[in-house]
Amino acid sequence: MKQMTALEIVQQYYEAFNAKNWKGMLALLHPEVRHEANQGDVRIGLEKFTAFLQKMDEAYEETLTDMVFFSEPQNKRVAVEFIVNGIYKQAEEGLPEAHGQSYVLPAGAFLEVTDGKISRVTTYYNLPLWIELVSKP
């Protein structure tokens, strides 16, 4: 069986995200995955990533569209640009009140693959813009 490329692994990861297949997403992650979210602390390990994913699932309903993937020749890193189409379901500490606001927000991510598993996920988006979008009446 042919080993998947880093690009194929990352594409499968985001397909699982859009399908809300959390087990499928987690299965593609390295046990010591390094998660660098847009804001906050770096999380190391599958357990912390799983807890983050659960919290995100409770607070947000998101689908990613207009995805463009970029890979490099060493077959280790992949960048992806996308649009987040979301609904803010439950407020998080320090963020605006949630009442089902919808938002459309450009974002990007950088991922690294080690031994056939995603070992780093770094996500970027414009937090002040997101706050502005969900704060509109």
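Trainee: What makes the link between Asn-126 and Leu-129 at the start of helix 4 a polar contact?

Mentor: A side-chain oxygen of Asn-126 comes to within 2.9 Å of the backbone nitrogen of Leu-129. A polar contact is a pair of N or O atoms within 3.5 Å; within protein, one must be able to donate a hydrogen and the other to accept it, and residues adjacent in sequence count only if both atoms are side-chain atoms. So this pair qualifies. Keep in mind that the model is predicted: local features need pLDDT of at least 70, side-chain atom pairs count only at pLDDT 80 or more, and totals for chains, interfaces and linings use all residues. Residues are numbered from 1 along each chain as its sequence is written, and side-chain values use heavy atoms, with hydrogens and water left out.

Trainee: Why is helix 4 called a helix?

Mentor: Helices are DSSP runs of H or I with at least four residues; strands are runs of E with at least two; both are numbered from the N terminus. Helix 4 covers residues 127-135, so that run meets the definition.

Trainee: Which residues of helix 4 are buried, and how do you know that they line one face?

Mentor: They are Leu-127, Trp-130 and Val-134. Buried means under 20% relative accessible area, exposed over 50%, partly exposed in between (1.4 Å probe, protein chains only). Seen down the helix axis, these residues fall within an arc of 55 degrees, so they line one face. The arc is taken from the directions from the helix axis to the C-beta atoms.

Trainee: What covers them?

Mentor: The cover includes strand 3, strand 4, strand 5 and strand 6. Helix 4 lies across these strands, at about 150 degrees to strand 5. Angles run from 0 to 180 degrees between N-to-C directions, with axes fitted to C-alpha atoms, for helices over the stretch in contact.

Trainee: What makes strand 2 and strand 3 edge strands?

Mentor: First, the sheet. Six strands form an open sheet in the order 2-1-6-5-4-3, with mixed pairing. Strand 2 (42-44) and strand 3 (60-71) each have a single partner strand, so one side of each is left without a neighbour in the sheet. The twist averages 20 degrees from one strand to the next.

Trainee: How do you know that strand 1 and strand 6 pair?

Mentor: Two strands pair if DSSP finds at least two bridges between them. Strand 1 and strand 6 have four, in the parallel sense, so they pass. Arg-34 has Arg-120 as its bridge partner in strand 6. Strand 4 and strand 5 pass too: twelve bridges, antiparallel.

Trainee: What is in contact with His-30 in strand 1?

Mentor: Contact means heavy atoms within 4.5 Å. Neighbours within four places in sequence aside, the list is Leu-46, Thr-114, Lys-117, Ile-118 and Ser-119. The His-30 side chain also reaches the backbone nitrogen of Glu-32 at 3.0 Å.

Trainee: Why is Lys-20 called partly exposed, and Asp-66 exposed?

Mentor: Lys-20 has a relative accessible area of 29%, which falls between the two cut-offs. Asp-66 stands at 59% relative accessibility, so it counts as exposed. Lys-20 sits in the loop between helix 1 and helix 2 (22-27); Asp-66 lies in strand 3. Neither is a glycine, yet phi is positive: about 55 degrees for Lys-20 and about 50 degrees for Asp-66.
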